[in-house]
Amino acid sequence: MPATALEETLAKHRAFWERKPAKKPLLSVNPDRVLKPVEMELADGSPVKEDMYLTPDLLDPKRMLELEEFPPRPRSEPDKPGAVAGDMLVIRSPLNKMCWVEAVLGCRVHVRATSGSVYSEPYLKGPDELSRIPSIKDNAWLKLLQSYTRALAQNARGRYYVPVTLMRGTIDLVAAVLGYDKMALAIYDQPRQLRKLTERCVESFLAVADAQYAEIPSLQGGRVTPYGVWAPGTFIKSQCDASAAISAKTYEQFFMPYEIDIYKRYQHSNVHLHSGYLHTVDVFLKTEYPTSMQVSLDTGSTPETVHTLMPVFKKVLARKPLFITGPMTRAELDELLTLPATGLMIGAYLTD
């Protein structure tokens, strides 16, 4: 019996993780993404307002089911029944725009509807204010996320698969509750207290991941990643955007041990990086954790270009699977396609 589109796709994804020789990378090509205004209904049916703060009681998962993700997800292709689009699986995560983990940690969630941004606000005056962080038990934001994830999984009906939402990493969560300045100063002035705060952030991160996975059915013994790539076994994604504020040495000494503690719980793991801030790449290549890396291209707002980044990409690919995603020209995509195809995924949003 011929393999189905899903079976063929999962076989390619397994080969990606196992870094088996490949003739071409996993590839997803879409039109350029445009950040749209936040358009969503509140629990009472009214639209979200400009410059407002969200609270769990204002949101209803049933009214959030059809919200468009950013960037927009591909739809299943007519000739490939089921939730498959090209080399990828069609996915819908629990609203990546939302600052879920930060909200669980007690940050206020602020919406700027016109600009399309939803962001969290720091609120701790120092790392010693652990008592102000809400408990995981009976946490209203966590209950809402779990309910929303459950609703998405039930609504999928084979049309898409559900990964976990955007999970900001250890240093990002510390920066979220403290702010960048207080975090940077605390590394030197209050390291013991900051470590306790970091441990609390890790606990919340893991609780949020566990709550979602409890509602998401596995797919042939594996999990679907936020990139539309299936991973055999368990999977987690983290990030370290706030590492842009500190040196790679400080990140490695202070925060990397906590990240490794997270990654070790899963068979497959991934860290999200930005192309303008890759000073931590060597830190992640020193150990087997995370088991893969991802780079989001910001070549229009930072000095680095796809061409200057090629040596970094080759270095990563020599050790681990690599996801490269973001806006790019056709010429830049063509240059990326000259990279070794083994263990490579390219998610292109063509600007031309």
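User: Is L178 buried or exposed?

Analyst: In this predicted model, L178 is buried, because its relative accessible area is 3%, which falls under the 20% cut-off for that class.

User: Which helix does L178 lie in, and which residues is L178 in contact with?

Analyst: L178 belongs to helix α5, which covers residues 170-178. Once its neighbours within four places in sequence are set aside, L178 is in contact with P122, L124, G126, P127, M183, L194 and L197.

User: And how far apart are the C-alpha atoms of L178 and I236?

Analyst: Those two C-alpha atoms are separated by 24 Å, and L178 and I236 are 58 residues apart along the chain.

User: Let me step back to the whole chain. How many helices and strands does the protein chain have?

Analyst: The protein chain has 11 helices and 13 strands. Its radius of gyration is 20 Å, close to the 20 Å that the globule rule gives for 352 residues, so the chain is as compact as a globular protein of that length. The C-alpha atoms fill a box of roughly 60 × 50 × 40 Å along the principal axes.

User: What percentage of the residues is buried, and what does the exposed area consist of?

Analyst: Of the 352 residues in the protein chain, 57% are buried. The chain exposes about 15600 Å², and carbon and sulfur atoms supply 53% of that area. As for contacts, when those with a separation of 6 or more are considered, 71% are accounted for by residues 24 or more positions apart.

User: OK, sheets now. What is the strand order in the open sheet of six strands?

Analyst: The order is β1-β13-β12-β11-β10-β9, with parallel pairing. The edge strands, each of which pairs on one side only, are β1 (26-31) and β9 (235-239). On average, and with direction ignored, neighbouring strands of this sheet are turned by 15 degrees against each other.

User: Why would you call β12 largely enclosed?

Analyst: Strand β12 spans residues 322-328, and six of its seven residues are buried, so β12 is largely enclosed by the rest of the structure.

User: How many bridges does β12 make with β11, and how many with β13?

Analyst: With β11 (residues 292-296), β12 pairs in the parallel sense over four bridges, while seven bridges join β12 to β13 (residues 344-350), again running parallel. In the pairing with β11, V295 stands opposite I324, and S296 has T325 as its bridge partner in β12. On the β13 side, T325 stands opposite G347.

User: Which helices sit between those strands along the chain?

Analyst: The chain crosses from β11 through helix α10 (residues 306-317) to β12, and this β-α-β crossover is right-handed. Helix α11 (residues 330-336) then makes a right-handed β-α-β unit together with β12 and β13.

User: What lies across β9 and β10?

Analyst: That is helix α8 (residues 248-263), which lies across β9 and β10 (268-274) and runs at about 160 degrees to β9.

User: What about the open sheet of three strands, how is it ordered?

Analyst: That sheet has the order β2-β5-β6, and its pairing is antiparallel. Its edge strands are β2 (52-54) and β6 (117-121), each pairing on one side only. Neighbouring strands here are turned by 35 degrees against each other on average, with direction ignored. Five bridges join β5 (residues 108-112) to β6, and H110 stands opposite Y119 in β6.

User: Changing topic to backbone oddities: which peptide bond is cis?

Analyst: The peptide bond from Y289 to P290 is cis, with omega near -5 degrees, and P290 lies in the loop between α9 (281-285) and β11. For background, most peptide bonds are trans, and most residues other than glycine have a negative phi.

User: Then which residues have a positive phi although they are not glycine?

Analyst: R157 is one of them, with a phi of about 50 degrees, and Q220 is another, with a phi of about 45 degrees. R157 is found in the loop between α4 (140-156) and α5, whereas Q220 lies in the loop between α7 (191-213) and β7 (222-224).

User: Are R157 and Q220 buried or exposed?

Analyst: R157 is exposed, with a relative accessible area of 60%, and Q220 is exposed as well, with a relative accessible area of 53%.

Note on methods
Residues numbered from 1 in each chain as written. Predicted model: local features only at pLDDT ≥ 70, side-chain atom pairs only at ≥ 80, totals over all residues. Heavy atoms only, no water. Pairing = 2+ DSSP bridges. Helix = DSSP H or I, 4+ residues; strand = E, 2+ residues; numbered from the N terminus. Axes fitted to C-alpha atoms, helices over the stretch in contact; angles between N-to-C directions. Rg over C-alpha atoms; globule rule 2.2 N^0.38 Å. Buried < 20%, exposed > 50% of the residue type's maximum accessible area, 1.4 Å probe, protein only. Contact = heavy atoms within 4.5 Å. Areas by Shrake-Rupley, 256 points an atom, 1.4 Å probe, with all protein chains shown as cover. Right-handed = clockwise from strand over helix to strand, strands pointing away.
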